[in-house]
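User: I would like to go through this model step by step and ask for the reasoning behind each label. Please set the values against the cut-offs wherever a conclusion depends on them.

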Amino acid sequence: MENRVRCLVIEDEAETSNYICKGLREAGYLVTAAATGPDGLDYATSEDWDIIILDRMLPGRIDGLSIVDKLRALGKQTPVIIVSALTTIDARVTGLRGGADDYLSKPFAFSELLARVEALLRRSAPGADSTQLQVADLKLDLRTLRVTRGNKVITLQPREYRLLEYLMRNENQVVTRTMLLESVWDYHFDPQTNVIDVQISRLRAKVDKDFPVMLIHTLRGVGYRMGATPPDDLEYPLA
């Protein structure tokens, strides 16, 4: 029991808080919830947590960014994921530059939140870099949103960035169309369009073109997988 991960969830929307807490508990985590800024700040600074998930906008005159700022001022490097209805790139950049380790826009699929929690816990291990995702020679800086492969800087559109980030967070795991629709497009139904195929094709042209090792792989009838080693049953894209 004492080795279980301790999570603090600071969220004032009861339905969202219950959704997060229930999922984390089912995944085996120990979870404590707070519903206001002052309560969240008190919990966050008075105890040691393995990870904190907090809303950016909270009641009680203390918002999520203020809580992160206070944590960092105290020297606490607890991994923090901000969840927020503010979905613009500027809002995301402000949150990350304000000291958060990750930023997830509402609404979100719990599977994506859990994947981000797991990734942050791995990156917060001794010697890990908590500000960067890396697959082979592809790197994504979570604070500056800069993407590079080798010595090449890759410029992405916002949707391409979200797609790449999701694939990288799920390195070597199969990602289905449903997972992408929910996590990248915020669709909780299949609109029966080729939007995913088009975006994957565009992303491949930027990430894999002119490089000897392909990182984005298509699995026939299943979905996609990102990794330096291709799966056995895959469909190579046309050149």
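User: In which loop does proline 107 lie?

Analyst: This is a predicted model, and in it proline 107 lies in the loop that runs between β5 (102–105) and α5 (110–123).

User: What makes the peptide bond between lysine 106 and proline 107 a cis bond?

Analyst: The omega angle of the bond that joins lysine 106 and proline 107 is about -5°, and the bond is cis. As background, most peptide bonds are trans.

User: How do you know that the protein is as compact as a globular protein of its length?

Analyst: The protein contains eight helices and 12 strands. Its radius of gyration is 18 Å, and the globule rule gives 18 Å for 239 residues, so the protein is as compact as a globular protein of that length. Along the principal axes, the C-alpha trace spans about 55 × 40 × 35 Å.

User: What share of the residues counts as buried, and what share of the accessible surface belongs to carbon and sulfur atoms?

Analyst: Of the 239 residues, 46% count as buried, a label that requires a relative accessible area under 20%. The accessible surface comes to about 11900 Å², and 49% of that area belongs to carbon and sulfur atoms. As for the charges, the mean positions of the 30 positive and 34 negative ones are 4 Å apart.

User: Why is leucine 145 called buried or exposed, and what is its phi?

Analyst: The relative accessible area of leucine 145 is 17%, and since buried means under 20%, leucine 145 is called buried. Leucine 145 sits in the loop between β7 (138–141) and β8 (147–149), and its phi is positive, at about 65°, although leucine 145 is not a glycine. For orientation, most residues other than glycine have a negative phi.

User: Asparagine 172 also has a positive phi; why is asparagine 172 called buried, partly exposed or exposed?

Analyst: Phi of asparagine 172 is near 65°, again in a residue other than glycine, and asparagine 172 is placed in the loop between α6 (158–169) and β10 (175–176). Its relative accessibility is 44%; because partly exposed covers the values between the 20% and 50% cut-offs, asparagine 172 counts as partly exposed.

User: Which residues have the most contacts inside the largest nonpolar core?

Analyst: The largest nonpolar core has 47 residues, and those with the most contacts inside it are Ile52, Leu138, Leu164, Leu180 and Met226. The largest share of this core, six residues, comes from α6. Apart from it lies another core, of 19 residues, which includes Ile20, Cys21, Ile81 and Leu114.

User: How do you know that leucine 138 is buried, and what does leucine 138 touch?

Analyst: Leucine 138, which is found in strand β7, has a relative accessible area of 0%, and because buried means under 20%, leucine 138 is buried. Not counting residues up to four places away in sequence, leucine 138 touches Leu133, Val147, Thr148, Arg149, Ile154, Leu164, Met168, Val207, Leu215 and Met226.

User: Alanine 27 and tyrosine 29 both come from the loop between α1 and β2; what makes their labels what they are?

Analyst: Alanine 27 has a relative accessible area of 39%, which lies between the 20% and 50% cut-offs, so alanine 27 is partly exposed. Tyrosine 29 has a relative accessibility of 10%, and because that is under 20%, tyrosine 29 counts as buried. Leaving out residues up to four places away in sequence, tyrosine 29 touches Arg4, Val5, Cys7, Leu24, Leu114, Val117, Glu118 and Leu121.

User: Why is serine 17 called buried, and which residues is serine 17 in contact with?

Analyst: Serine 17 has its place in helix α1 and a relative accessible area of 7%; because the cut-off for buried is under 20%, serine 17 is called buried. Leaving aside neighbours within four places in sequence, serine 17 is in contact with Val9, Glu11 and Ala33. Serine 17 and alanine 33 are 16 residues apart in sequence and 7.4 Å apart in space, taken from C-alpha to C-alpha.

Methods: Residues are numbered from 1 along each chain as its sequence is written. This is a predicted model: local features need pLDDT of at least 70, side-chain atom pairs count only at pLDDT 80 or more; totals for chains, interfaces and linings use all residues. Side-chain values use heavy atoms; hydrogens and water are left out. Helices (H or I, at least four residues) and strands (E, at least two) are DSSP runs, numbered from the N terminus. The radius of gyration is taken over C-alpha atoms; the globule rule is 2.2 Å times the number of residues to the power 0.38. Buried means under 20% relative accessible area, exposed over 50%, partly exposed in between (1.4 Å probe, protein chains only). Accessible areas come from the Shrake-Rupley method with a 1.4 Å probe; for residues, only the protein chains shown count as cover. Lys and Arg count as positive and Asp and Glu as negative; His and the chain ends are not counted. The place of a charge is taken as NZ of Lys, CZ of Arg, CG of Asp or CD of Glu. A nonpolar core is a set of buried Ala, Val, Leu, Ile, Met, Phe, Trp, Tyr and Cys residues joined through side-chain atoms within 4.5 Å. Contact means heavy atoms within 4.5 Å.
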